[in-house]
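Grab a pencil and have the viewer ready. These exercises take you through one protein model, a step at a time.

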Amino acid sequence: MSKKELLRSLKFLAFSLSAGVIELVSFSLLNELTGWSYWPCYLIALVLSVVWNFTLNRRYTFQSANNVPVAMLKVAGFYAVFTPASTWLGNYLAETLLWNEYLVTILNMVMNFVLEYLFDRFVVFRASIDTNDVAKKKAEAK
């Protein structure tokens with residue numbers, strides 16, 4: 001792995017951790033204060049973290065100048081599969097098997113981190129990495 005790709009992976013990790021904080025805090029608030037079942041708490045928290053993560057990773061990790069609506073549609077496609085699968089699995093583990101809701105949410109977050117990095121890197125931003133103004137300023141500074 002090149003130094004540039006290692007740095008890209010570390011940035012993705014850092015932004016994903018910040019999105020994870022958003023997801024855990026919003027999940028915790030909804031879970032503790034609303035009395036709702038697992039799935040709506042998880043789903044709302046997931047959406048909040050995805051919007052945050054997409055925005056930061058597009059600009060700073062992948063430094064992409066691609067069409068935002070097209071990139072968002074690709075990410076929406078990923079989540080059209082991931083969200084129902086993780087919501088169903090999480091709800092089954094938390095409500096049927098009675099696993100701890102926080103453990104289930106953290107497991108979903110780890111799966112999301114790995115799968116989303118791969119999808120973003122090799123599908124969403126594959127052809128547009130290092131094309132935005134941030135990348136151009138770095139190139140000019142060298």
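Below are five exercises, each with a worked solution.

This is a predicted model, where local features need pLDDT of at least 70, side-chain atom pairs count only at pLDDT 80 or more, and totals for chains, interfaces and linings use all residues. Residues are numbered from 1 along each chain as its sequence is written, and side-chain values use heavy atoms, with hydrogens and water left out.

**Exercise 1. The overall picture**

Work out how many helices and strands the protein chain has, and what share of its residues counts as buried.

Solution.
- Step 1: Go through the secondary structure. You should find five helices and zero strands, in the order α-α-α-α-α along the sequence. Helices here (H or I, at least four residues) and strands (E, at least two) are DSSP runs, numbered from the N terminus.
- Step 2: Look at burial. Of the 142 residues, 40% count as buried. Buried means under 20% relative accessible area, exposed over 50%, and partly exposed in between, with a 1.4 Å probe and protein chains only.
- Step 3: Box it in. Along the principal axes, the C-alpha atoms fill a box of roughly 55 × 25 × 25 Å.
- Step 4: Check the contacts (heavy atoms within 4.5 Å). Of those with a separation of 6 or more, 78% are between residues 24 or more positions apart.

**Exercise 2. The annotated spans**

Find which residues the UniProt annotation "transmembrane region" covers, then look at the helix content of residues 12–30 and 36–56.

Solution.
- Step 1: Read the record. The unreviewed UniProt entry places the annotation on residues 12–30, 36–56, 68–90 and 102–119. UniProt positions are given in the numbering used here, feature names are shortened, and annotations may be inferred rather than shown by experiment.
- Step 2: Take residues 12–30. This span is 100% helix and 0% strand, with end C-alpha atoms 26 Å apart.
- Step 3: Now do residues 36–56. Here you get 90% helix and 0% strand, and the end C-alpha atoms lie 30 Å apart.

**Exercise 3. Two sides of α4**

Which residues of α4 are buried, and what do they pack against?

Solution.
- Step 1: List the buried ones. In α4 they are V104, T105, N108, M109, N112, E116, Y117, D120, R121 and V124.
- Step 2: Find their partners. These buried residues pack against α1, α2 and α3 (68–96).
- Step 3: Think about spacing. An α-helix has 3.6 residues a turn, so residues three or four places apart point the same way.
- Step 4: Look for a nonpolar patch on the surface. I106, V110, M111, V114, L115, L118, F122 and V123 form one, with about 660 Å² of accessible area together. Patches are made of residues with over 30% relative accessible area and no salt bridge; like charges are joined within 9 Å, nonpolar side chains (Val, Leu, Ile, Met, Phe, Trp, Tyr) within 5 Å. Accessible areas come from the Shrake-Rupley method with a 1.4 Å probe, and for residues only the protein chains shown count as cover.
- Step 5: Zoom in on L118. This residue lies in helix α4 (residues 101–124) and is partly exposed, at 42% relative accessible area.

**Exercise 4. What R121 touches**

Is R121 buried or exposed, and which residues is R121 in contact with beyond its neighbours within four places in sequence?

Solution.
- Step 1: Check accessibility. R121 has 16% relative accessibility, so it counts as buried.
- Step 2: Collect the contacts. Leaving aside those neighbours, R121 is in contact with E5, R8, F62, R126 and I129.

**Exercise 5. Salt bridges**

How many salt bridges does the whole structure have, and which parts do some of them link?

Solution.
- Step 1: Count. A search finds five salt bridges; each is a side-chain nitrogen of Lys or Arg within 4 Å of a carboxyl oxygen of Asp or Glu.
- Step 2: Start with E5 and R121, whose closest N and O atoms are 3.0 Å apart. The pair links E5 in helix α1 (residues 3–34) with R121 in helix α4, 116 residues apart. E5 counts as buried, at 19% relative accessibility.
- Step 3: Next, R8 and D130 form a salt bridge, with closest N and O atoms 3.1 Å apart. R8 lies in helix α1 and D130 in the loop between α4 and α5 (133–141), so the pair ties together parts 122 residues apart in sequence.
- Step 4: Then D133 bridges to R59 at 2.8 Å between the closest N and O atoms. D133 is in helix α5 and R59 in helix α2 (residues 38–61), 74 residues apart.
- Step 5: Join them up. Salt bridges that share partners connect K4, E5, R8, R121 and D130 into one network.
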